[in-house]
Amino acid sequence: MSRYVGQQSVIELTFDSAIEVITPQLEKIQFTNSGGALLSRPDRLRAHRLAGHSDVSLYFDGKTVSVHGKSANGYAQFDGPASVDQLIDALSVGHGIALPGADLLRSNAYDALAADVMEAKYIGRAVIDDRECEHLAFRNFDTDWQLWVEAGERPIPRKLVITSKTINSAPQYTLRVKEWRTGVTLEPGVFSFTPPAGAQQLSPDALVQFDELPPGAPAGGNQ
């Protein structure tokens, strides 16, 4: 899967994701998102995520990263790194916002996914959206995670589930890939961002408000 995905110069996909949090009363609450992404290696990316509390788009044109929160009527910009791989690190570590399942899109996803694996096993065949998949399970120190990869000549990721073992009630993060296309013809300016009229420019530190969880959500979620 890692080799196949890394060899694709242009990828377009849509997804559904769900993130669980645990309330102080030990009630498990799930928040859901839908979205999509368009990737052109090595340094172009456009992504969109829609939830009940937010409507967020990201643009990376090879030089500048722009994140627009439609619901907040605001946007933030900062100088981009040299590649999409480095941008994934910058968003999750330096700016408090992550792309769902972004590690699966890296040019070498295997390095990131397998770095802390303590145990791995093959579960067997499964079916997701009428597509036969290979079901794999992995264990890290603080997480268990499962991956479903489409069987056959197009080994793409179809589903990812991450379980946090160090948080009470073991909340999960789930990503399900709905559509996946390669070799897409790119329209001019597809990765460029023009601020909407009236939108307020925010500090990059404000990007945390564009996270998958709504403001005031219970602490203890699976990130």
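## A walk through the fold

Let's start at alanine 170, which has 29% relative accessibility and so counts as partly exposed (buried is under 20% relative accessible area, exposed is over 50%, and partly exposed is in between, with a 1.4 Å probe and protein chains only). Alanine 170 sits in the loop between β10 (157–164) and β11 (172–182). Its phi is near 50°, a positive value in a residue other than glycine.

A word on what you're looking at. This is a predicted model, where local features need pLDDT of at least 70 and side-chain atom pairs count only at pLDDT 80 or more, while totals for chains, interfaces and linings use all residues. Residues are numbered from 1 along each chain as its sequence is written, and side-chain values use heavy atoms, with hydrogens and water left out.

Now zoom out. The protein has 3 helices and 12 strands; these are DSSP runs numbered from the N terminus, with helices being H or I of at least four residues and strands E of at least two. Its radius of gyration is 18 Å, close to the 17 Å that the globule rule gives for 223 residues, so the protein is as compact as a globular protein of that length. That radius is taken over C-alpha atoms, and the rule is 2.2 Å times the number of residues to the power 0.38. Along the principal axes, the C-alpha atoms fill a box of roughly 50 × 45 × 30 Å.

What about inside and outside? Of the 223 residues, 47% count as buried. The protein exposes about 11,300 Å², and carbon and sulfur atoms supply 49% of that area (Shrake-Rupley method, 1.4 Å probe; for residues, only the protein chains shown count as cover). As for charge, the mean positions of the 20 positive and 27 negative charges are 3 Å apart. Here Lys and Arg count as positive and Asp and Glu as negative, leaving out His and the chain ends, and each charge is placed at NZ of Lys, CZ of Arg, CG of Asp or CD of Glu.

Contacts across the sequence come next, a contact being heavy atoms within 4.5 Å. Among contacts with a separation of 6 or more, 49% come from residues 24 or more positions apart.

In soluble globular proteins, nonpolar side chains tend to be buried together. Here the largest nonpolar core has 40 residues, and those with the most contacts inside it are Leu58, Leu87 and Trp180. Such a core is a set of buried Ala, Val, Leu, Ile, Met, Phe, Trp, Tyr and Cys residues joined through side-chain atoms within 4.5 Å. Click on leucine 58: beyond its neighbours within four places in sequence, its contacts include Leu45, Val65, Val67, Leu87, Leu91 and Leu99. Arg46 and Ser66 are also among the contacts of leucine 58.

Two buried strand residues are worth a stop. Serine 40 is in strand β2 (residues 28–40), and with 11% relative accessibility it counts as buried. Leaving aside neighbours within four places in sequence, serine 40 is in contact with Ser9, Val10, Leu186 and Phe191. Glycine 69 belongs to strand β5 (residues 64–69) and counts as buried at 2% relative accessibility. With the same neighbours within four places set aside, glycine 69 is in contact with Asp55, Gly74 and Phe210. Its C-alpha is 7.0 Å from that of serine 54, 15 residues away along the chain.

Compare that with tyrosine 122 in strand β7. Its C-alpha is separated by 24 Å from that of serine 107, and these two residues are also 15 apart along the chain. Tyrosine 122 is partly exposed, with a relative accessible area of 48%. Not counting neighbours within four places in sequence, tyrosine 122 is in contact with Glu134, His135 and Leu136.

Back to the loops. The peptide bond from arginine 41 to proline 42 is cis, with omega near 5°, and proline 42 lies in the loop between β2 and β3 (44–50). Aspartate 130 sits in the loop between β7 (119–128) and β8 (131–139), where its phi is near 65°, a positive value in a residue other than glycine. Aspartate 130 is exposed, with a relative accessible area of 78%.

Finally, glutamate 27 lies in the loop between β1 (10–22) and β2, and it is partly exposed at 47% relative accessibility. Glutamate 27 touches Val21 and Ile22, not counting residues up to four places away in sequence. Glutamate 27 and serine 169 are 142 residues apart in sequence, yet 8.7 Å apart in space, C-alpha to C-alpha.
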